[in-house]
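I opened this model to take notes on its two chains. I wanted the folds, the cores and the contact between the chains.

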Amino acid sequence: MGTMVTMSERSRAEGQPDESPWSKASGAFIAWRSGDARAVDELVSTMTPVLWHVVRAYGLDRQAAEDVIQSTWLGLVRHHQTIADPQAVASWLITSARRGAAAHARSARRADPVEDESLHALIPDVESAEALAMLDDEAARLWGAVASVDERCRKLLRVVAFMDRPDYQSLSQDLDMPVGSIGPTRARCLAKVRTALAKGGGR
Amino acid sequence: MTEHDTGDNALLEELRDMWLTYDPPPSDLVATMIAAVAAAELDQEWELLVLVRDSAEEAAAQVRGLATARMLYFTVAEGWSLDAEIDGDQVRGQLLDFDGDMGSVEVVVETRGSAAELWRAGLDEFGFFSIEARPAGEVRFTVHYRGNAVSSRWVQL
């Protein structure tokens, strides 16, 4: 062909459906449980970046985010036999990471009640502040718009953005919302972002 | 899908790209997690099938004339245990208090080093297994069930 193609373009060209992180994760999990020790590395490589975004949705700094992700993986090693359906391994990991992050955020709030929530969301930590300086105009507008909406919306949007099929049942417990309201809330939160964008980025 | 849903999905996709680009995971995060999981797995292996009784450490067994047989008794935090006896060219044993399908269990006996060998056996309905094997050097037991593998540490024979 003579031109560079991305993985997804290549697999489409060969008539293969794109392999999502979710199916990759369950494939690796099945292989690991049936004795392929190296398969766990693939599971970790596939799901760690997803867990990062889920945990950062709770406003955790880099160190706390790493701690929560590590606890999530150690929990998997210890309790993987309780996962009856291997297809559910990604959901299991995401739920576990969300709970760890929520618990951490709660205890951090208790320790530091005067923390500036909106500033925290805008600039999660020093390293991200450096990244922020590199935002192009469009991304800066989007980033500012998201930072201007309420905390619950920010959390919901970031978690939902990184989930394949959002597990509304467990999301509703963590975010303290009725299950039926998550779909409409997602739409409302996106509308808030859109409004903030229209106002010029909300910053 | 309505036009509105399409717009929402597109905006969500934009947000996703923004987070992916501007708040990516630290470059060493995956490697750190792979190492953490590998270490945890090792701990698990060492911990899970815990040797709680060894006839080599009990003078009484020798007095009773059982000096040729080595009896090892392992327990697992989940509550079941593995009783094993290594006698001449036989390794026999029983899984006790196991709350699951005995038919799905496989016991693996391994030796390592220059005498490295591996034997496998299923259980009968009462949880007994019997393997024709003459392990030498260091031996390790692993119990496989429902995709789970539980190992003992290496025991010097």
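My entries follow, chain by chain and then across the contact.

**Entry 1: confidence**

I noted at the start that this is a predicted model. I looked up the confidence of chain A. The mean pLDDT is 77, and 73% of the residues score at least 70. Where in chain A is confidence lowest, and where is it highest? Helix α1(A), residues 7–13, is the low end with a mean of 37. The high end is α3(A), at 94.

I then checked the weak stretches. Residues 1–17 of chain A have pLDDT below 50. Beyond near neighbours in sequence, that stretch makes four contacts in the model. Residues 113–127 of chain A also stay under 50. For residues 113–127 I found 20 contacts beyond four places in sequence.

**Entry 2: chain A layout**

I listed the secondary structure of chain A. There are eleven helices and zero strands. Chain A has 203 residues, and 34% of them count as buried. I also looked at contact range. Among contacts in chain A with a separation of 6 or more, 68% are between residues 24 or more positions apart.

I took α4(A) as a test helix. It has 18 residues. From first C-alpha to last it reaches 26 Å, close to the 26 Å expected at 1.5 Å a residue. Which residues of α4(A) are buried? I wrote down A64(A), A65(A), E66(A), V68(A), I69(A), Q70(A), T72(A), W73(A) and L76(A). I kept the helix rule in mind here: with 3.6 residues a turn, residues three or four places apart point the same way.

**Entry 3: the cores**

I searched for nonpolar cores next. The largest has 55 residues. L51(A), V54(A), V55(A), I69(A), L93(A) and A97(A) touch the most other members. I followed A97(A) outward. Leaving out residues up to four places away in sequence, A97(A) touches L51(A), V54(A), V55(A), V68(A), I69(A) and T72(A). Another core lies apart from the largest one. It has 17 residues, including F74(B), V91(B), V107(B) and V139(B).

**Entry 4: chain B layout**

I turned to chain B. It has three helices and ten strands. From the N terminus on, the order is α-α-β-α-β-β-β-β-β-β-β-β-β. Of its 157 residues, 18% count as buried. Among contacts in chain B at least 6 apart in sequence, 46% join residues at least 24 apart.

**Entry 5: strand pairing in chain B**

I traced the strands around β5(B), residues 106–111. On one pairing, β5(B) meets β6(B), residues 117–122, antiparallel over six bridges. V109(B) has W119(B) as its bridge partner in β6(B). The β5(B)–β6(B) hairpin has five residues between the strands. In that hairpin G113(B) takes a positive phi near 80°.

β5(B) also pairs with β8(B), residues 138–145. Six bridges join the two, again antiparallel. E110(B) is matched with R140(B) in β8(B).

Which other strands does β8(B) pair with? I found four bridges to β9(B), residues 148–151, running antiparallel. V143(B) has V150(B) as its partner there. Two bridges join β8(B) to β10(B), residues 155–156, also antiparallel. E138(B) stands opposite Q156(B) in β10(B).

**Entry 6: V139(B)**

I picked V139(B), a core member, for a closer look. It is found in β8(B). Is V139(B) buried or exposed? I counted 23 other C-beta atoms within 10 Å, so V139(B) is buried; the cut-off is 20 or more. Leaving out residues up to four places away in sequence, V139(B) touches V109(B), E110(B), T111(B), V155(B) and L157(B). The C-alpha atoms of V139(B) and L157(B) are 7.0 Å apart, though the two residues are 18 apart along the chain.

**Entry 7: where the chains meet**

I finished with the contact between the chains. How many residues of each chain take part? I got 37 residues of chain A in contact with 26 residues of chain B. On the chain A side, α3(A), α4(A), α7(A), α8(A), α9(A) and α11(A) each supply at least two residues. α3(A) gives the most, with nine. I sorted the chain A side by type: 22 nonpolar, eight polar and seven charged.

Technical notes. Residues are numbered from 1 along each chain as its sequence is written. Chains are lettered from A and ligands numbered from 1 in the order in which they are written. This is a predicted model: local features need pLDDT of at least 70, side-chain atom pairs count only at pLDDT 80 or more; totals for chains, interfaces and linings use all residues. Two residues are in contact if their C-beta atoms, placed from the backbone, lie within 7 Å. Ala, Val, Leu, Ile, Met, Phe, Trp, Tyr, Cys and Pro count as nonpolar, Asp, Glu, Lys and Arg as charged, and the others, Gly among them, as polar. The expected span of a helix is 1.5 Å times one less than its number of residues. A residue is buried if 20 or more other C-beta atoms lie within 10 Å of its own, exposed if 12 or fewer, and partly exposed in between; C-beta atoms are placed from the backbone. Two strands pair if DSSP finds at least two bridges between them. pLDDT is the predictor's confidence in each residue, from 0 to 100. A nonpolar core is a set of buried Ala, Val, Leu, Ile, Met, Phe, Trp, Tyr and Cys residues joined through C-beta atoms within 7 Å.
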